[in-house]
Amino acid sequence: ASDGTRQAGSGLASAGGDSTVAGSFVVSPSSDYNKQQQKMAADNMEIDDSLYSRQRYVLGDHAMCQMAQSYVFLSGIGGLGIEIAKNIILAGIKALTIHDTKPSETWDLGSNFFLHEDDIANQRNRAKATMLQLAELNPYVQVNSSNILLDENTDLSFLQHYQVIEAIYSNF
């Protein structure tokens with residue numbers, strides 16, 4: 001929602017873990033018209049200087065506006081995934097969908113600083129368990145979660161909505 005409200009839950013997609021392999025790619029807009037519309041929106045966007053002044057100084061207004069319009073899909077909310085989620089939320093993207101199919105486990109307490117013992121006891125999904133705490137980091141960022149299985153049978157066309165897709169996998 002563009003009014004700053006946060007959306008809980010969504011049924012998008014899933015992956016796993018921690019920090020063994022990380023991969024990302026950028027999904028480009030499909031037409032020149034979309035690129036032109038995004039550029040016009042970026043040029044007219046207001047940036048909260050009280051929150052982003054240092055970042056704005058380093059990156060510049062145009063880069064900040066582009067980032068503030070970015071939709072990111074992050075799959076794997078283990079130790080590395082939660083750190084990436086925290087950092088990009090604080091940086092000021094438009095929206096983040098965190099995705100994980102794994103339940104919270106005891107070993108997660110050592111690497112995922114937003115999980116608690118009751119999450120493990122109730123075997124809460126890692127993405128669902130951390131979503132609200134991540135959303136509290138920056139009121140300008142819409143945070144969603146997803147826990148659907150991503151496999152060869154999954155229709156991945158929903159990923160076209162995202163400018164950045166990051167997958168964090170782990171064998172443990």
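## Overall picture

A residue is called buried here when its relative accessible area is under 20%. With that cut-off, 39% of the 172 residues in the protein chain count as buried. Please keep in mind as you look around that this is a predicted model.

The protein chain is built from six helices and five strands. Following the sequence, their order is β-α-α-α-β-α-β-α-α-β-β. Many contacts reach across the sequence: taking those between residues at least 6 apart, 74% join residues at least 24 apart. On the outside, the protein chain exposes about 9500 Å², and carbon and sulfur atoms supply 52% of that area.

## Strand E4 and its partner

Strand E4, residues 142-146, is a good place to start inside the model. Five of its five residues are buried, so the strand is largely enclosed by the rest of the structure. In a regular strand, side chains alternate between the two faces of the sheet. Both faces of E4 are covered: Gln142, Asn144 and Ser146 are buried on one side, as are Val143 and Ser145 on the other.

E4 pairs with E3 in the parallel sense, over five bridges. In this pairing, Gln142 of E4 has Ala95 opposite.

## Nonpolar cores

In soluble globular proteins, nonpolar side chains tend to be buried together. Here the largest nonpolar core holds 17 residues, and Leu96, Ile98, Leu134 and Val143 touch the most other members. Strand E2 (71-75), helix H4 (79-91), E3 and helix H6 (126-135) each supply at least two residues of this core. H6 gives the most, with four residues.

Leu96 is worth a closer look. Setting aside neighbours within four places in sequence, Leu96 is in contact with Val72, Leu74, Ala85, Ile88, Ile89, Val141, Gln142, Val143 and Asn144. A second, separate core has five residues, among them Phe73, Leu159, Tyr162 and Ile165.

## A loop residue at the surface

Finally, let us turn to Thr106, in the loop between strand E3 (95-99) and helix H5 (117-121). Is Thr106 buried or exposed? Its relative accessible area is 57%, so Thr106 is exposed, the cut-off for that label being over 50%.

Thr106 can also be placed relative to Asp119, which lies 13 residues away along the chain. The C-alpha atoms of Thr106 and Asp119 are separated by 9.3 Å.

Key. Residues numbered from 1 in each chain as written. Predicted model: local features only at pLDDT ≥ 70, side-chain atom pairs only at ≥ 80, totals over all residues. Heavy atoms only, no water. Buried < 20%, exposed > 50% of the residue type's maximum accessible area, 1.4 Å probe, protein only. Pairing = 2+ DSSP bridges. Contact = heavy atoms within 4.5 Å. Areas by Shrake-Rupley, 256 points an atom, 1.4 Å probe, with all protein chains shown as cover. Core = buried A, V, L, I, M, F, W, Y, C linked by side-chain atoms within 4.5 Å.
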